[in-house]
Each structure stands twice: as C-alpha cells, then as structure tokens.
Amino acid sequence: MAYHCVVCGDELAQVDTVAVCTFCGHETPSKYLCSAGHHICEECQLADWPQLVERVCEGSHQTDPVSIVNLIMKHPMSIMHSPQHHILVSAAVLAALRNNRMRPLAPGRLASAIERTKGIPMGACGTRGECGAAICVGTLVSILTSANYQKDRERSLALQASAEALLTIAQAGGPRCCKQSVYLSLETASIFLKRELGIDLSVEPRCEFDQVNEECKKERCKYFVH
Ligand SMILES: [Zn+2]
Ligand SMILES: [Zn+2]
C-alpha cells in the first residue's frame with residue numbers, strides 16, 4: 001500500500017534516517033520521506049491543534065504568514081472548514097514579524113495569542129456575526145500595542161482592526177470559506193499594521209486548497225486561481 005505526503009501529495013518512500021520535520025523544524029527520526037524531503041515528526045503527529053499551531057509558528061522561518069497558515073492547514077488533522085481556523089492568524093503574523101526582524105517574539109506570546117482566540121465557536125460567522133480569523137486581527141493589534149480595556153487609542157485600534165477584517169469578510173459574500181476568511185484577515189492585518197503602526201509586513205495570499213475544497217466558491221473568490 002502506498003502512502004502519500006501530506007504536504008505535496010508525492011508518494012512516500014520507506015527510510016530509516018533523521019530528517020527535519022516540515023511542520024516544526026526539529027530534526028527527528030524519520031521512517032517515511034517524499035522526494036522533496038517532507039517529513040512529519042511524532043510530536044507534530046500527536047500534538048493537539050493549538051499545540052500544533054504553536055509548534056509550526058515557533059519553528060517557522062517564513063517571512064509571509066500565508067506560507068505559515070498554508071502549512072498548518074495541510075496537517076492531516078486539519079478540517080477544510082472548522083473552528084481550527086480561528087486561532088491561526090495572530091500567531092502566524094507574530095511569527096512572520098519575528099522572522100522579518102520587525103518585532104521580537106517574547107516567550108509565551110504565541111501560546112497567549114492562541115489562548116485569546118480559541119473560544120470562538122463553530123459557525124459564529126452565521127450565528128452571531130463574528131469570525132475567529134477576523135477577531136485574530138484585533139488580537140494581533142492588541143498584543144502589538146499592549147492594549148487592554150482601560151487603554152484609550154490602543155483599545156480603539158484593536159476594535160477597529162477586528163471591525164475592518166469583519167467588514168472585508170462580509171463584503172466577500174457567502175457561503176463561508178474558512179480559507180478565504182484567513183487570507184482576507186491576513187491581508188487586512190497587513191494593511192492595518194502599515195497604516196496604523198508603521199509595520200510593513202508583506203502578505204501575498206495564494207489558495208492551495210481550491211482543488212480539494214468541495215465547496216470552493218471558485219470565480220466568486222479572489223484567491224481562486226485554477
Ligand atoms: Zn512532500
Ligand atoms: Zn515536528
């Protein structure tokens with residue numbers, strides 16, 4: 001029976017070696033490798049979703065957060081549309097800012113960003129007008145400005161960041177696509193960080209899921225390329 005790489009789809013060859021885990025970047029024993037050298041370590045296989053998001057963001061060297069979220073969304077436990085997407089955006093942008101040497105990443109900051117955004121329930125876009133990916137943009141701005149409920153401008157900026165991301169997602173039309181919401185939120189974050197905080201983080205969304213997403217909006221989505 002042939003196994004296939006979760007990252008690129010290539011057939012896996014049985015090996016007995018040490019390889020860099022594609023997800024967390026650690027060198028670990030590997031029993032299977034694809035021709036491109038993709039490998040998933042045991043800890044990244046056993047991690048729960050928030051742990052996995054943290055592991056990938058922690059180990060990433062990517063400067064575009066789109067590459068970081070696209071890798072996370074290729075993990076075997078990733079579900080095409082799910083609340084898993086609610087905790088990706090702020091963590092991926094914080095990692096990309098570190099990788100671009102634009103902002104340091106303090107220990108525990110990824111975990112706290114994930115913790116802040118993980119309570120938003122499934123389908124909240126339709127049931128209460130909220131989207132976890134959009135709220136991540138407010139969370140991100142809150143973290144970068146050290147906002148809290150007693151602050152003045154910082155609090156307003158966090159609220160405005162979430163609001164702008166929500167508006168962008170609303171204007172893209174439905175039905176929901178969690179991939180599209182993540183990309184739209186990343187683009188909104190990039191525009192907002194540049195305009196309000198002078199942080200010039202480049203974000204270039206490319207959807208790598210349109211071929212496998214049975215509910216893809218195709219021509220109705222600006223990220224549809226095929
Ligand atoms: Zn591969
Ligand atoms: Zn790993």
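Reader: Which residue forms a salt bridge with Glu164, and how far apart are the closest N and O atoms?
Author: The general idea is a side-chain nitrogen of Lys or Arg within 4 Å of a carboxyl oxygen of Asp or Glu. Here, Glu164 pairs up with Arg195, and their closest N and O atoms are 2.7 Å apart. Glu164 sits in helix H8 (residues 153-172) and Arg195 in helix H9 (residues 178-197), so this pair ties together parts that are 31 residues apart in sequence. Helices (H or I, at least four residues) and strands (E, at least two) are DSSP runs, numbered from the N terminus. Before we go on, note that this is a predicted model, where local features need pLDDT of at least 70 and side-chain atom pairs count only at pLDDT 80 or more, while totals for chains, interfaces and linings use all residues. As for bookkeeping, residues are numbered from 1 along each chain as its sequence is written, chains are lettered from A and ligands numbered from 1 in the order in which they are written, and side-chain values use heavy atoms, leaving out hydrogens and water.

Reader: Is Glu164 buried, partly exposed or exposed?
Author: Go by relative accessible area: buried is under 20%, exposed is over 50%, and partly exposed is in between (1.4 Å probe, protein chains only). Glu164 has 21%, so it counts as partly exposed. Its partner Arg195 is partly exposed as well, at 44%.

Reader: Which residues are linked with Glu164 in a network of salt bridges?
Author: Arg153, Arg195 and Glu196 are linked with Glu164 in that network. Over the whole model, the rule gives 13 salt bridges.

Reader: What does Arg176 form a salt bridge with?
Author: That would be Glu215, with the closest N and O atoms 3.4 Å apart. This pair also links distant parts of the chain: Arg176 is in the loop between H8 and H9, Glu215 is in the segment after H9, and their positions lie 39 residues apart in the numbering. Arg176 has a relative accessible area of 36%, so it is partly exposed, and Glu215, at 45%, is partly exposed too. Another one to look up is Asp200 with Lys194, where the closest N and O atoms are 3.9 Å apart.

Reader: Let's move to the metals. Which residues coordinate the zinc ion (ligand 1)?
Author: For a metal site, take N, O and S atoms within 2.8 Å of the metal (3.2 Å for Na, K and Ca) as donors; water is not among the atoms, so sites may look incomplete. The zinc ion (ligand 1) is held by Cys5 (SG), Cys8 (SG), Cys34 (SG) and His38 (ND1), at 2.0 to 2.3 Å. The donor residues follow the spacing C-x2-C-x25-C-x3-H. Within that set, Cys8 in the segment before S1 and His38 in the loop between S2 and H1 link parts of the chain 30 residues apart.

Reader: And what arrangement do the 4 donor atoms around the zinc ion (ligand 1) make?
Author: Four donors are called tetrahedral if all angles lie between 85 and 135 degrees. The angles here are 101 to 116°, so the arrangement is tetrahedral.

Reader: What are the protein donors of the zinc ion (ligand 2)?
Author: Cys21 (SG), Cys24 (SG), Cys41 (SG) and Cys44 (SG), which lie 2.3 to 2.4 Å from the ion. This site is tetrahedral, with angles of 105 to 114° among its 4 donor atoms. The spacing reads C-x2-C-x16-C-x2-C. Cys24, in the loop between strand S1 (13-20) and strand S2 (27-33), and Cys41, in the loop between S2 and helix H1 (42-46), are 17 residues apart. Both Cys24 and Cys41 are buried.

Reader: How is the protein chain divided into domains?
Author: Bounds come from an automatic or database domain assignment. Domain 1 covers 1-46 and domain 2 covers 48-220. Their C-alpha centres are 27 Å apart. The contact (heavy atoms within 4.5 Å) takes 12 residues from domain 1 and 9 residues from domain 2.

Reader: What area is buried between domain 1 and domain 2?
Author: Buried area is the accessible area (1.4 Å probe) that two parts lose on being put together, summed over both. Here the figure is about 920 Å², with 59% of it from carbon and sulfur atoms. Val6, Phe23 and Cys44 supply 49% of what domain 1 buries against domain 2, more than any other three residues. The two domains share 1 salt bridge.

Reader: Which residues of helix H2 are buried?
Author: In H2 (residues 49-59), they are Trp49, Leu52, Val53, Arg55, Val56 and Cys57. Their cover includes H1, helix H3 (65-72), helix H4 (89-99) and helix H5 (109-117). Arg55 also forms a salt bridge with Glu43, the closest N and O atoms being 3.2 Å apart. Pro50 lies in H2 too, but with a relative accessible area of 23% it is partly exposed.

Notes
Tetrahedral: all angles 85-135°; square planar, octahedral: opposite > 155°, others 65-115°.
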